[in-house]
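Q: I'd like a close look at one part of this model: the sulfur chemistry. Please go through who is paired, who is on their own, and how hidden they are.

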Amino acid sequence: MAVVAVLAFGAGLTAIADGDIFWHLAAGREMVRTRAFLHVDPFSLVAAGRLWVDLHWLFQLGVFAVHTLGGLAGLVLVKAAVVAAGAVVLVYAAGRSGGVSDASGAGRMARLICTLALSAMLFAARHLLPVRPVILTLVFLAAFFSILEDFRRGGAVRSLWWLPPLQILWANCQGLFALGPALIGAFVLGALLPSVGDRRWRPLAGMLGLCLLASLVTPYGWRGPWLAVELLLRFDPSSANVYSAQIAENVPPWILERSMPGLFFHLKWFLGFLAASFLLGRRHLIASHAVLVAALVALALVANRNVILLYWLGAPIGAIQAAPALAVLERWLRERGRSVRVAVGAVVAVAVIALAVVEVKAFAREPSLAAPTPFRFPTASAAVLATTPAGGAIFSADHQGGYLIWTLYPRIRPHMDTRLILRTRDEYQDFLDLLDHPERFDFLSQRYRFTHAVLPVGFPGRYLGLIAHLAGSADWKLVFTDGQETLFATRDATGPAVDLADPATTQRLLDGCAARFPSVSDLAASCRVQTATLLVVTGHLALAAGALNGLPGADAQVLLARCHLALGDAAAAETIARRLIDGDPEDTDALTLLASIALARGDGAGALTFVRRALHIDPFHAGAQALLGGIEVAARNAGPPR
């Protein structure tokens, strides 16, 4: 219990990189201020006054209270503690699999397996543990699973009476409360299977009905369960579903792995662990567990955000399934003598210590827990906007809208944020189309009368086209940048414009990177690359190349090569690209760069060869796809071959 608590707590110690927490904080603050629930959106421009089923209200009041007392660091520490508590409950539930006496040793073995599997998977998928209501969902899942497991093993019906009140709390914390009745349904289905024939399905079915009714006990009545249905439909992985195709956390992990290799390397190992555990426990297969695992695997393969749900419940289920067979093996090894027992114990100890060391090293690389993750939020631009004499309407990246709401509302309101349940599919698609066609921004600006636009440079890169459009517009001017975020204002706004053509400006931005990250080389390098990217998209190629000279790293070198190519020095660009390919033959950015060089030299066949190699490695590489489209257009314009 102590081991899993410490390791799970360590897995949760990650700096805040998710923007949702800020609109949650703003909602909690607004409820405290008005002493009322939020039924319409008060924050954004697009959905102003629109019905908002804010089922997260209890979570929002809680995080606002924690932030008031402990700031962002307090939120992270409480989140880690909640994850640790849920992990302890799961290990306890797994340990009860052998019964109270546990004469067979299966319970002790299940605790050990669950501790190792759950701790390792929580650390591997720690990016899926943001300060969001999903953290409370994990705890509710652990509580439901523990209670249902106790009943399945012969516990009294009275333990089930904890489920309806827990369901009421869950329904007022997150839309994923539907997982509670689904969990009960899996145990009902397992008991009803002919091979099981458990007549105790009736009290389970009764509790399922009560929990469904409990889901209505929210300030929003029937709209709460309907919201859960809408959220489930968002997981449709088809390309026609904009929420799945364009929101990173909803992309299936097997697709995301192609563009971000290694992000979910652990998923196949965990699936192997589950398969092995069911194979070992095939003689005492627990039907409800099989139903649960099948459903969780399906959810995880549909959207990567659900992988953490699979790990969370899959670890104790796998441990319970495998424990009896491994307990028999343990007894057999124990009979072989003391040396075998010592060896097995040493292996387990080494595994725990190794995981603890890895967690400590990972935490040492984390930025400050008391501040947002660098480059993710417009902290500097918000500080500048806070000093402006008048309020107004802001266009911003959707993932940064929550931070602007938290820091600037009600004086300034953003166009959009990540509460996409408030937007229609068409509204969100129009937002994405605008980023692909920046010239449409002018019409949107006239409609909402934007006074400012806050846009990120490096994360994600989809806003670079709009930055270039505003930088070249006669109606807008750049009034602030630190190289990683840009703040534009209308031309008639007071104050001078930032002159990116001035070498002194570039030097000031680079000096700012060095001052901001004096001892963190990777963050300082990323800062310089983003500054150079800003210079590239605004047409200052020579200054960008100067900022990148001598900077290691594939990203910096590819960008430097593109600067050389745009400046007419294809030979220098090719030298860099070839060097990158020699180091990594599957570097898709370098392959796309070589395709661009070939195309610039008029070698369409060579460009096509490099593009095909890049797309074979990563079929979703945006640069290679765009270049392939350009090659096809050029081929059509050239007409049929003679």
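**The cysteines up close**

A: Let's start with a loner: Cys-173 has a relative accessibility of 4%, so this residue counts as buried (buried is under 20% relative accessible area, exposed over 50%, partly exposed in between, with a 1.4 Å probe and protein chains only). This is a predicted model, with pLDDT of at least 70 needed for local features and 80 or more for side-chain atom pairs, while totals for chains, interfaces and linings use all residues. Numbering starts from 1 along each chain as its sequence is written, and side-chain values use heavy atoms, leaving out hydrogens and water.

Cys-114 is buried too, because its relative accessibility is 0%. Back to Cys-173: no disulfide includes this residue, and the nearest cysteine sulfur, on Cys-211, sits 15 Å away. For a disulfide, two cysteine sulfur atoms have to be within 2.5 Å.

Now for the pair that does make it. You'll find one disulfide in the structure, and its partners are Cys-513 and Cys-527, with 2.1 Å from S to S. The angle about the S-S bond is -75°, making the link between Cys-513 and Cys-527 left-handed. Cys-513 belongs to helix H21 (residues 503–516) and Cys-527 to helix H22 (residues 521–537), so the bond ties together parts 14 residues apart in sequence. Those helices are DSSP runs (H or I, at least four residues), numbered from the N terminus. As for how hidden the bonded pair is, Cys-513 and Cys-527 are both buried.

Definitions and conventions. Helix = DSSP H or I, 4+ residues; strand = E, 2+ residues; numbered from the N terminus.
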